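Take a moment to look over the chain before reading on. Let your eye wander from the overall fold to the details.

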Amino acid sequence: MSDSRLATFAPLAFAALALLSGSPAFSQAAAQAAAQAQPVAAAPQAVPPAPAAPEAAALPPVTPADAPTGNATNASDDVIRDAHDAFLRHDRARLSELRATAFANHLALAPWVDYWELTNRLGEVSSDEIEQFYVRWPGSYVEDRLRNDWLLEVGHRQDWDAFKRDYPRFRMNDDRSVSCYATLIAHLAGQDVHELALAQWMAVKDIDGGCQLMAQTLYDDKVFTDADVWRRLRQAADLPGKGGERALHGAAQILGKPAAKEMAALLDNPARFVTRKSDIAATRRNDMITIALARMGANDPPAAALQLQERWQQVIGADNTAWAWGVIAKHGAQSLLPDAVDWADRAWAARKPHKGEKLAPPDWSDDVLAWHARAALRAGTGTQRWKDVERAIDAMSPAERAADNWIYWRAQAELALALATPGAESNAAVAEARRQLKALSSSVSFYGLLAAEDLGTQFVLPPRPVPITPLERGFAHANPGLQRALALDALDMRDESRREWNYSLRGMSDRELMAAAQWACDLSDWQLCINTSERTKTEIDIAQRYPMPFRRDIVEAAGNAGLDPAFVFGLIRQETRFMGNMRSAVGANGLMQLMPRTAKWAANKAGIAYRPDLITDSSTNLRIGSFYLKLVLDSLGGSDPMAAAAYNAGPARPRRWRGGPMLAPEVWTENVPFYETRDYVKKVMTNAAIYAALLGNKGPQLRPRLGPQIGPRDAEQPPAADIP
């Protein structure tokens with residue numbers, strides 16, 4: 001730690017240590033030290049003081065050093081709760097009163113009340129008021145949060161002078177719309193922004209003001225071409241849901257009213273659009289038909305494939321044909337259709353080089369290529385299976401290729417192809433594939449564990465780091481951002497709490513992250529504990545990342561249900577991070593996230609006395625949840641990956657997903673159609689392997705947990721129970 005940082009934090013850390021020690025003498029000395037403390041988080045750039053705004057004129061000055069670090073009183077809690085409620089109700093008068101109260105009493109969460117009050121009238125405030133806010137709360141989360149809001153506001157106003165003044169001070173810099181406004185300003189200043197602007201526009205998965213204005217301006221100024229807009233339309237056609245529809249509408253609007261009208265008809269009924277008479281303007285017909293085929297393929301891949309094959313592939317051109325087959329193959333793979341392999345081959349075969357040019361890599365999304373690889377893994381045969389996997393992965397972007405799953409499957413493809421053709425080159429390929437697996441095997445992840453076991457070695461948990469020292473704990477406890485985050489959490493403002501906490505973690509070293517995580521662990525906020533600990537890079541505290549609260553209850557409930565406790569631990573860690581008060585957006589409750597209807601049904605089956613209010617009781621929730629999980633597991637032939645998928649997506653879906661060929665469990669898992677469930681299964685299985693080791697088993701082992709191949713239910717196996 002630098003001398004300047006030490007000078008800043010040491011007095012506050014001393015104060016925090018006093019609180020930990022409980023010594024009156026130490027506390028008195030610490031109070032004197034804290035009084036000498038510098039403001040903890042100074043603004044990165046000097047901001048000139050602004051004239052006082054009328055609303056702030058009567059308020060006493062407040063700086064971060066003035067804010068108390070102890071627990072808020074009930075009265076101050078009420079001020080913050082009332083202010084948040086007034087913010088949500090847009091009650092400006094009440095917010096102004098509560099802001100004055102928060103300032104007068106130097107409340108620790110006064111910055112948030114100040115932020116809510118100013119945000120509620122952001123469309124009317126001046127730059128001077130914004131600057132005063134920055135001066136009051138330099139370096140804090142709310143300062144940068146307001147800067148984000150203000151940049152969007154002045155971008156909407158097209159007040160480019162105000163935008164240019166504030167943008168260099170934006171530390172989070174994670175808002176795509178703000179980035180698009182900045183690129184537009186660079187264009188207006190005469191800079192060549194074509195590639196940057198196109199990349200930003202392509203990255204937006206919906207429509208937003210900044211990027212739409214940037215794209216329209218660059219098109220009007222002939223920086224973006226028709227080809228650029230159609231590239232965006234293709235990319236948007238592959239986006240799911242309403243966001244994809246809005247992105248398509250926005251891009252079509254740039255081409256003018258006729259294109260926008262045609263796009264509205266296309267989105268209303270893609271199948272009808274494809275099959276109607278070709279009354280579209282000739283300059284747009286082929287591209288519009290291509291997009292319509294892609295949208296049609298999202299709902300009915302075979303029908304879209306039939307239309308493309310029998311009517312359109314000879315009309316719309318090689319590039320459009322290749323892209324349309326590629327997207328239809330993606331949708332077919334997501335539907336687990338064996339034809340997806342053939343459709344992907346058609347996509348690759350349709351590609352033609354431009355005259356005199358070498359065939360370039362396809363301009364297809366990583367998502368399309370990923371599903372080509374999954375289709376080959378699931379339904380491919382022989383060496384061609386691995387060639388198809390390799391082809392798809394090699395065409396991905398560098399960032400996508402670097403993901404654990406594609407490193408693993410690329411190495412497996414290389415091994416399979418090398419072993420099929422022995423020789424010196426094959427030996428070199430085998431060595432390279434094993435090197436890739438070896439590098440991956442140190443990752444605490446699903447594919448890291450698989451790589452280690454495939455190499456015939458035992459996955460070794462990282463050594464536990466040196467314990468966090470009292471001084472390191474003191475520095476964490478003295479961090480005003482972390483203090484505010486925990487104060488917000490105590491008031492059940494979890495969203496604000498998490499944003500404040502995560503902002504405060506920026507730039508922390510591994511040791512600082514572990515100290516912050518430990519503070520959360522000590523407070524039994526296991527979500528913050530785990531998520532913060534998972535940010536460390538080189539020092540990994542497995543016990544901190546994989547805590548075992550409720551250990552006795554979990555082991556007992558799992559044992560009574562006939563389950564492996566490690567599996568239950570692994571599932572709860574992924575479901576709720578052991579936060580028993582969690583309630584999902586759809587109404588699931590408690591440690592094991594039970595839906596009220598499911599809890600009632602399972603409790604009745606298990607003979608467990610149950611009332612609706614017991615769903616959040618940890619012991620009852622664990623008993624019912626473990627019994628339900630065991631029923632699901634048994635109904636799926638004892639397959640842990642399928643049971644995990646069923647717990648996340650409902651029991652009916654994995655029963656459908658097991659149709660088709662017999663698959664290695666890791667191949668079946670990689671082909672789970674829903675990203676959320678696919679990620680969930682991998683993490684639950686990895687968690688379970690690690691918890692088994694922590695509970696006393698010999699090292700993490702994943703393959704024995706994955707079980708045998710997964711495929712259609714054996715005819716002699718009893719039918720699945722009717723489980724909700």
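The report below goes from the whole chain to its core, its disulfides, one arginine and one helix.

**The whole chain**

Keep in mind that this is a predicted model. The protein chain has 40 helices and zero strands. Of its 724 residues, 53% count as buried. The surface that the protein chain exposes comes to about 32600 Å², and carbon and sulfur atoms supply 52% of that area. How much of the contact total comes from residues 24 or more positions apart? Among contacts with a separation of 6 or more, such pairs account for 64%.

**The nonpolar core**

Next, look inside. The largest nonpolar core holds 206 residues. The members that touch the most other members are Trp116, Phe163, Trp201, Leu233, Met263, Trp409 and Trp501. Helix 39, which runs over residues 675-694, gives the most to this core, with nine residues. Apart from this core lies another one, of five residues, including Ala333, Val341, Trp371 and Ala375.

You can pick out tryptophan 116 to see what its surroundings look like. Leaving aside residues up to four places away in sequence, tryptophan 116 touches Ile80, Ala83, His84, Phe87, Leu95 and Met493.

**The disulfides**

Now for the sulfur links. The count comes to two disulfides, and here they are side by side.

| Cysteine pair | S to S distance | Angle about the S-S bond | Handedness |
|---|---|---|---|
| Cysteine 180 and cysteine 211 | 2.0 Å | 80° | right-handed |
| Cysteine 521 and cysteine 529 | 2.0 Å | 60° | right-handed |

Counting the bonded cysteines along the chain, the pattern is 1-2, 3-4. The pair of cysteine 180 and cysteine 211 links distant parts of the chain, 31 residues apart. Cysteine 180 sits in helix 9 (residues 176-188), while cysteine 211 belongs to helix 11 (residues 209-220). Are these two cysteines buried or exposed? Both cysteine 180 and cysteine 211 are buried.

What about the other pair? Cysteine 521 has 8% relative accessibility, so it counts as buried. Cysteine 529 is also buried, because its relative accessible area is 0%.

**A buried arginine**

Arginine 145 is found in helix 7 (residues 141-157). Why does arginine 145 count as buried? Its relative accessible area is 18%, and the cut-off for buried is under 20%. Not counting residues up to four places away in sequence, arginine 145 touches Tyr115, Met172 and Arg499.

**Helix 32, a helix with two faces**

Finally, turn to helix 32, which spans residues 551-561. Which of its residues are buried? They are Ile554, Ala557, Ala558 and Ala561. These residues lie on the same side of helix 32, because they cover an arc of only 95° around the axis. The face turned away from that buried side carries the exposed residues Arg552 and Asn560.

What do the buried residues of helix 32 pack against? Their partners are helix 33 (565-575) and helix 35 (618-635). Just beyond, helix 32 is followed by glycine 562, whose phi is positive, near 80°.

To trace this in the viewer, start from Ala557, one of the buried residues of helix 32, and then find Asn560 on the face turned away. After that, you can go back to tryptophan 116 and look for Met493, which is among the residues it touches.

How values were computed
Residues are numbered from 1 along each chain as its sequence is written. This is a predicted model: local features need pLDDT of at least 70, side-chain atom pairs count only at pLDDT 80 or more; totals for chains, interfaces and linings use all residues. Side-chain values use heavy atoms; hydrogens and water are left out. Buried means under 20% relative accessible area, exposed over 50%, partly exposed in between (1.4 Å probe, protein chains only). Helices (H or I, at least four residues) and strands (E, at least two) are DSSP runs, numbered from the N terminus. The arc is that of the directions from the helix axis to the C-beta atoms. Contact means heavy atoms within 4.5 Å. A nonpolar core is a set of buried Ala, Val, Leu, Ile, Met, Phe, Trp, Tyr and Cys residues joined through side-chain atoms within 4.5 Å. Accessible areas come from the Shrake-Rupley method with a 1.4 Å probe; for residues, only the protein chains shown count as cover. A disulfide is a pair of cysteine sulfur atoms within 2.5 Å.
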